[in-house]
Amino acid sequence: MKEVDYIIVGQGLAGSVLAYSLMKENQKVLVVDEEAESSSSRVAAGLCNPVVFKRLTQSWMIDAVFPLAKEFYRNQEVLLGDNFYFDIPIYKLFIDQKEQEFWKQKSNEPHLFDWIDDKIEHPFDEELMNYPFGAAKTLQSGFLKTADWLEKFRNFLLIKEAYINNKFDYDKIEFIEDGVSWNGYSAKKIIFCEGYQSINNPYFDWLPFKLTKGEILTINFKNLKIDHAINKGAFLLPFNGNYKFGATYNWDDFDNTPTEEGKEQLLKRAARFINDEVIVVEHKAGVRPTVLDRRPLLGVHPKHKELAVFNGLGTKGVMLAPYFADKMVGLILENTELPDEVNIDRFLEKSN
Ligand SMILES: Cc1cc2nc3c(=O)[nH]c(=O)nc-3n(C[C@H](O)[C@H](O)[C@H](O)COP(=O)(O)OP(=O)(O)OC[C@H]3O[C@@H](n4cnc5c(N)ncnc54)[C@H](O)[C@@H]3O)c2cc1C
């Protein structure tokens, strides 16, 4: 039997960030992933937007999560010798005068002062883009090239002999003295980071996910060239010479297959502000691990202390993963209490 400290199931954002956070504390991990091509993490645009544009409020816990996320991915760039995280302003295009006024008023409120700019601008070609009420930008935002980072990080794990490509089979879990074993490995705990596939986990199937499928296009234009990210009911993000454009939100369909309806919906949204020919390069879909109360899911199984979960990163995995992985490490290594609003104990009555 090979011995590790922790087995982590899933090498999406949650599993990868957690694996590194544990390795930094000198813990021996084994990450198991079946390498599904369309995982939420791999299709995500990777945007870190500190502002909720609809209501013009700060994103949840932004002051705590944003600096830590940026530091985490910058450290990964040094560790893995490549660039994955890029600062980029996100321009909000106003739909009318009222929305523009609301932005101006909000940009002077102290809690948004550091996050959004008060200047109304016209930075894009007005022939090719329709935005008569102007635009204004976020001051601190960026994006992670999620698929690139995950691939490089997987190679790092492989070199450390800390990764296997395998479907995790729940029937092979055995509870042993002081821990748990699976498929020839023994560990203190197994930590599940399966994203939406957690609904198939017999130990955690009581967690109240409210999953959201998302479809995203890679597009280009005949003439239009843009260097910044844009939001107008959907986001447009310059990406490797093309643009990511998305995303849809669908609460009824839970597979990773892109649909004609999804594509049509996105192209209609693009047509609302782009007056140029749109060329579709790629079309993908993934399922976001969103939760009924929109908060992450962290904690230890109520009956089997050898099993834990780190999931529910929802629509904001890039920003949330590093901060909450730290909380998870605190729980596992020091038994530090979790904040109530992310602790799975809030759903305990559903586990019986
Ligand atoms: C279209 C779209 C756009 C998005 N855009 C953004 C964005 O701009 N910014 C942002 O922050 N977030 C975005 N998100 C959300 C983000 O993708 C999620 O918050 C995050 O990726 C969730 O990561 P995860 O690791 O929990 O889950 P996942 O990415 O689903 O990873 C789970 C992993 O577990 C593996 N796995 C599951 N079960 C098993 C098993 N039994 N055996 C072995 N392996 C298993 C899977 O193969 C997978 O690799 C977007 C999501 C979508 C769908």
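**Ligand shell in a predicted model**

Trainee: In this predicted model, which helices and strands each supply at least two residues of the shell around the ligand?

Mentor: The shell draws on both helices and strands. The strands are β3 (29-33), β16 (212-221) and β20 (278-288). The helices are α1, α2 (40-43) and α8 (317-334).

Trainee: Which element gives the most to the shell around the ligand?

Mentor: The shell counts 38 residues, and Ser40 and Ser41 are among the closest to the ligand. Residues 40-43 make up one of the contributing helices. With 4 residues, the top contributor is α2.

Trainee: Is helix α1 mostly covered or exposed?

Mentor: Helix α1 spans residues 13-23. Buried here means under 20% relative accessible area, and Leu13, Ala14 and Tyr20 are among the residues that meet this. The count is 11 of 11 buried, so by that cut-off α1 is mostly covered.

Trainee: How far is an oxygen atom of the ligand from an N or O atom in the side chain of Ser40?

Mentor: The ligand has polar partners in the backbone as well: a nitrogen atom of the ligand is 3.0 Å from a polar backbone atom of Thr315, and a backbone N or O atom of Ala14 lies 3.0 Å from a ligand oxygen. For the side chain of Ser40, the distance to a ligand oxygen is 2.8 Å.

Trainee: How much of the ligand's accessible area does the protein cover?

Mentor: On its own, the ligand has 1,000 Å² of accessible area. The share covered by the protein is 98%.

Trainee: Between which domains does the ligand lie, and why?

Mentor: One contributor to the shell is 2-44 + 147-209 + 293-351, and the other is 89-140 + 212-288. Because both give residues to the shell, the ligand lies between domain 1 and domain 2.

Terms used. Residues are numbered from 1 along each chain as its sequence is written. This is a predicted model: local features need pLDDT of at least 70, side-chain atom pairs count only at pLDDT 80 or more; totals for chains, interfaces and linings use all residues. Side-chain values use heavy atoms; hydrogens and water are left out. Buried means under 20% relative accessible area, exposed over 50%, partly exposed in between (1.4 Å probe, protein chains only). A residue is near a molecule or strand if one of its heavy atoms lies within 4 Å of it. A polar contact is a pair of N or O atoms within 3.5 Å; within protein, one must be able to donate a hydrogen and the other to accept it, and residues adjacent in sequence count only if both atoms are side-chain atoms. Accessible areas come from the Shrake-Rupley method with a 1.4 Å probe; for residues, only the protein chains shown count as cover. Domain bounds come from an automatic or database domain assignment.
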